[in-house]
Amino acid sequence: MKVIPITPRGYCPGVVNAINSVNKVLSDPSYPRPLYLLGMIVHNQFVVDYFKTKGIIVIDQINKTRLQMLDSIHQGTVIITAHGVGDVVIEKILDKGLTYVDATCKDVYKTHNLIKNYLASGYQIIYIGKENHPETEGVLSIDKNIILIESERDARLLEKTVKPIFVTNQTTFSIREIEPIIKVIKQQYPYAIISEEICNSTRIRQEAVINQNHDVDLCLVVGDIHSNNTINLVKLSRQYTHVKTVRIASSDDLKPELLKGVKTVSVTSGASTPTEVTAKVISVLENY
Ligand code: SF4
């Protein structure tokens with residue numbers, strides 16, 4: 001089978017930094033034990049399972065915020081994931097006498113700092129993101145008056161306000177989905193200050209899947225169901241290249257029914273998918 005690996009793909013600098021941070025803590029006995037991950041360090045089960053085998057306890061409770069998850073931790077070191085948290089989480093960690101290591105991506109920190117600066121100047125913040133995603137949760141915990149919107153419809157329903165408006169977004173949002181939302185916001189609030197903050201790694205991976213998916217029968221996106229950037233790669237490929245596109249977690253998902261009649265396949269992966277998982281997919285396909 002002819003395989004077209006889409007580039008760039010896979011690990012972004014923020015994920016590499018997060019994984020390095022955890023490895024550093026693991027190898028340094030001066031960090032108090034036990035070691036806890038507050039959520040999935042990055043949205044990939046293989047990465048999380050690997051750290052579990054090293055003795056790290058992963059606290060990932062559906063329907064609980066990072067703040068609530070801390071209730072179950074009484075000693076040791078808490079590792080903050082790449083998605084970031086609000087200051088209230090850090091304050092609670094310190095109040096409980098715990099040690100923490102911050103693996104927040106610098107691109108996420110940039111949006112936090114922008115929001116804090118505009119809040120201090122009296123702006124109403126509008127945040128474009130996905131509800132219940134940890135990055136969104138971290139941002140919303142900065143201030144209870146931040147308004148979350150997910151769609152053009154949400155943007156149309158925004159109420160008039162006399163306050164100046166500042167708009168920013170989740171770093172892994174879709175490059176094509178955000179444009180119409182921003183357009184609606186500009187119609188509602190012509191004087192809004194808009195800082196589009198899709199990170200560079202997300203942007204170039206999304207553009208690559210749109211631009212490199214030529215003359216293929218199937219596009220495979222290797223990544224975890226929880227990974228927002230993986231899901232966006234699937235959506236963009238389907239919508240803008242019209243190629244049949246399927247998310248798979250690993251080579252175990254390469255079933256004969258999926259590959260039936262396929263002569264050429266393109267492969268990309270989410271920013272949190274381990275390189276070896278994607279390499280195995282490519283290798284199995286090349287030998288298929
Ligand atoms: S996808 Fe972007 S924001 Fe998220 S961890 Fe990677 S570099 Fe950071």
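In what order do the four strands of the open sheet stand? The order is S3-S2-S4-S5, and the pairing is parallel. This sheet belongs to a predicted model, and it is a convenient place to begin.

The edges of the sheet are strand S3 (57–59) and strand S5 (99–102), each of which pairs on one side only. On average, and with direction ignored, neighbouring strands of the sheet are turned by 25° against each other. Within the sheet, S2 and S4 pair in the parallel sense over four bridges. One residue pair shows how these two strands line up: Leu38 has Ile80 in S4 as its bridge partner. In general, the strands of a sheet pair through backbone hydrogen bonds, either parallel or antiparallel.

Helix H1 lies across S2, S4 and S5 and runs at about 165° to S4. H1 also takes part in the largest nonpolar core, to which it gives five residues, the largest share. That core has 29 residues, and those touching the most other members are Val15, Ala18, Val22, Ile41 and Ile79. Besides H1, the elements that give two or more residues to this core are strand S2 (35–38), helix H2 (45–53), strand S4 (77–80) and helix H4 (87–95). Val15 gives a closer view of the packing: leaving aside residues up to four places away in sequence, Val15 touches Val42, Ala82, Ala271 and Ser272. As a general tendency, nonpolar side chains are buried together in soluble globular proteins.

A second, separate core has 18 residues, among them Ala155, Phe166, Val167 and Ile198. Phe166 is also the bridge partner, in S8, of Ile125. Strand S8 (residues 165–169) runs parallel to S6 and is joined to S6 by five bridges. Strand S6 (residues 124–128) is mostly covered, with four of its five residues buried. S6 is also joined to strand S7 (residues 147–149), again in parallel, by three bridges. Here Ile126 stands opposite Ile147 in S7.

The remaining topic is the ligand. Around the ligand there are 15 residues, of which Cys12, Gly14, Cys105, Thr171 and Cys199 come nearest. Helix H1 (13–26), helix H5 (106–120) and helix H9 (200–211) are the elements that give two or more residues to this shell. Which of the elements gives the most to the shell? It is H1, with three residues. By class, the shell has eight nonpolar, six polar and one charged residues. H1 thus appears in three parts of this account: across the strands of the sheet, in the largest nonpolar core and in the shell around the ligand.

Notes: Residues are numbered from 1 along each chain as its sequence is written. This is a predicted model: local features need pLDDT of at least 70, side-chain atom pairs count only at pLDDT 80 or more; totals for chains, interfaces and linings use all residues. A residue is near a molecule or strand if its C-beta atom, placed from the backbone, lies within 6 Å of it. Ala, Val, Leu, Ile, Met, Phe, Trp, Tyr, Cys and Pro count as nonpolar, Asp, Glu, Lys and Arg as charged, and the others, Gly among them, as polar. A nonpolar core is a set of buried Ala, Val, Leu, Ile, Met, Phe, Trp, Tyr and Cys residues joined through C-beta atoms within 7 Å. A residue is buried if 20 or more other C-beta atoms lie within 10 Å of its own, exposed if 12 or fewer, and partly exposed in between; C-beta atoms are placed from the backbone. Two residues are in contact if their C-beta atoms, placed from the backbone, lie within 7 Å. Two strands pair if DSSP finds at least two bridges between them. Axes are lines fitted to C-alpha atoms, for helices over the stretch in contact, and angles run from 0 to 180 degrees between N-to-C directions.
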